[in-house]
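Let's take a walk through this model together, from the surface to the interior. Have the viewer open so you can follow along.

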Amino acid sequence: MSSLDTTFEILTHHSSPSAGEVLCVGATSNDPSTKLRSVKAIAHRRDAKTLNWLVNRFDKFREVMLSGLLDENGHLDSGYLGKAVVRQLKKASWNQAVGLRLINMAECFGQADALESLIQISLEHDDSLIRAAAAEVVLSLSASLSKSIRHRSDGKRLDPDAERYRQRMAEALGQAVEQYHVHRNNDLLDAFLVISDWNDVLLQRLLADESPTQETLVRRLKNSEHQSVLHLLAGFVRRRKIPGAVVGVLLRRHDAMFCEALLETIGDQPSPVVSINLKEYGLPDCLRGGESFMRSLGSDRDIAMCHAYSLAMPHEPEVIHMVLAMLQRNEEGAIRAAETCLKRVDAPSLEFWISILEAALDDESPEEAGGDASIADRATMMMNSLIQLTDHPEKLLSQSAQRLLTHLNTAETLPVFADLEPEVGKRLGQVLMGADETTLDVIRQGLRHAVLQNRLDAIGFAETLGLIDLMIEPLESIAKNDHQIAKMRTAQALGHGHGTQSEVLLREMCSMQKGSLRDAAIESMEMRGLTL
């Protein structure tokens, strides 16, 4: 320690009034270092006269105080100066200029122990400017006081003294909330919401009672833009019991700031309670917009958005679009999140997949639409992407994609295939060839089915997909032993074959006695450009 350090150490702790006077002279020095050391020493002296001297010159020494009172950790240590400010605030016998200065100092020093006096001043002082300034600082100090509880880590115990003080201030602010019809100051409402915790009995009581106070708080939850109020509101999604009035605000508030707070609360791994609430109450309005809205947010919000949609709207195919977009943006953790989200989604029906193909045929091309993908094109891309996803190296993701394609299979398609437009049937068949590895076996089983209509459906399906040459054995059995209608349909279908075996079978049918079956076989021969 240098001799100068020793000198200031002595001046800081010496009880003589002369030591304080020396420091006051040093504070007015032109030397920055001396001024800084002197101000810091005064702030840590138990000398009311010297402290008051510094308080009265706060505007002059503001920058020096804020830089000189920082400790080695970068935290502001106002020492006895902060306590002097609190004492003077309690007196409340000052004029407007002094009052505004004291209120400003309390905010600059983060003097949380001034809250009680400031709340009283904001409610009772005669000067409206003083009341407004005090309420503004009450809000600022409440925010700093709530951080310990709002951002505490799991399992970390709270300081009992600090928690008791927070609850006492919450009670004082609760009384201010009940007097809102008198003061009409929104800062005091925000301060109460900021300093409160979801588990506070007072907050629960004020929100549960159907009263003007409840209406006042709910209205503030709906309109406040204070970050801590937004987090308080969003945090209710983590509570199993949510006041009825709050549920409405939680679902209907739709501004961007609340959207961010809610997504942060939902997180990349929603808790069981969050999951239950989203399933029960549905999707909040601020998250609506699907894939296009998700893309407008940062990619770091993709996982939370997909979780929210898959929990609240598992029946909507839009969730699949969003998960595929998330995988495309490839944020860390996207694959695991996709596995979880896709498991929640209801598998679309066969009618849904058919409607996609029908719409794709009716819809104009992207070029004609100005280059943007149409709704039908978007749905078709989703279907193709899911099919590709079934081959993903991550087994769980692949299985999730396969489950969503459950109804896109040949067995369900065969009974309705004949009713489809030819081009739709052709496209659906092509899709099934890639999506359902059992397609060929199902068609063969259909050609051998005991019910005539099922055999006819299977013939038409094989014909449309150009699979006639792969089905010669069951078709030959039909041509020789089946019902006349099935034989006729086989003769027509053989006209779409290309191989030698189908040609041989067709020639055998042409060698039959004259009749409609022979005529159909000859017509198929002509279609293939063959001669008898």
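**Salt bridges and what lies beneath**

Arg 164 and Asp 161 are both exposed. What you are looking at is a predicted model, and in it these two side chains form a salt bridge, with the closest N and O atoms 2.5 Å apart. The two residues sit three places apart in helix α10 (residues 160-178), so about one helical turn separates them.

You can find a similar spacing elsewhere. In helix α27 (residues 422-435), Glu 423 and Arg 427 are four residues apart, which means about one helical turn lies between them. Their salt bridge has its closest N and O atoms 3.8 Å apart. Glu 423 is partly exposed, with a relative accessible area of 39%, and Arg 427 is also partly exposed, at 31%. Now turn to helix α30 (residues 472-481), where Glu 476 and Lys 480 are four residues apart and again separated by about one helical turn. Their side chains meet in a salt bridge at 2.9 Å, N to O. Glu 476 is partly exposed at 28% relative accessible area, and Lys 480 is partly exposed at 47%.

The count of salt bridges comes to 24. Glu 291, Arg 295, Glu 318 and Arg 378 are linked in a network of them.

Now let's go inside. In soluble globular proteins, nonpolar side chains tend to be buried together. Here the largest nonpolar core has 169 residues, and Leu 81, Leu 89, Leu 118 and Leu 287 touch the most other members. Helix α9 (residues 128-150) gives the most to this core, with 10 residues. Try centring on Leu 118: leaving aside residues up to four places away in sequence, Leu 118 touches Leu 89, Ile 103, Ala 106, Ala 134, Val 137, Val 138 and Leu 141.

Helix α20 (residues 302-312) is another good place to stop, as 11 of its 11 residues are buried. Among them are Asp 302, His 307 and Ser 310, alongside residues such as Ile 303 and Leu 311. The buried residues of α20 pack against α17, α18, α19 (290-296), α21 (318-329) and α22 (334-344).

Is there empty space, and where does the lining come from? There is one cavity of 30 Å³ or more, and about 80 Å³ of space lies in the largest cavity. Helices α16 (244-252), α17 (256-266) and α18 (272-281) each supply at least two lining residues, with the largest share, three residues, coming from α18. By class, the lining has nine nonpolar, two polar and no charged residues. Asn 277 and Gly 282 are among the lining residues, as are Val 237, Leu 262 and Tyr 281.

How values were computed. Residues numbered from 1 in each chain as written. Predicted model: local features only at pLDDT ≥ 70, side-chain atom pairs only at ≥ 80, totals over all residues. Heavy atoms only, no water. Core = buried A, V, L, I, M, F, W, Y, C linked by side-chain atoms within 4.5 Å. Buried < 20%, exposed > 50% of the residue type's maximum accessible area, 1.4 Å probe, protein only. Contact = heavy atoms within 4.5 Å. 1 Å grid on protein atoms, 1.4 Å probe; cavity = no way out; pocket = protein on both sides within 12 Å on 5 of 7 lines; lining within 4 Å. Points joined across faces, edges and corners; volume = space filled by probe spheres on them. Nonpolar A, V, L, I, M, F, W, Y, C, P; charged D, E, K, R; others polar. Salt bridge = Lys/Arg side-chain N within 4 Å of Asp/Glu carboxyl O.
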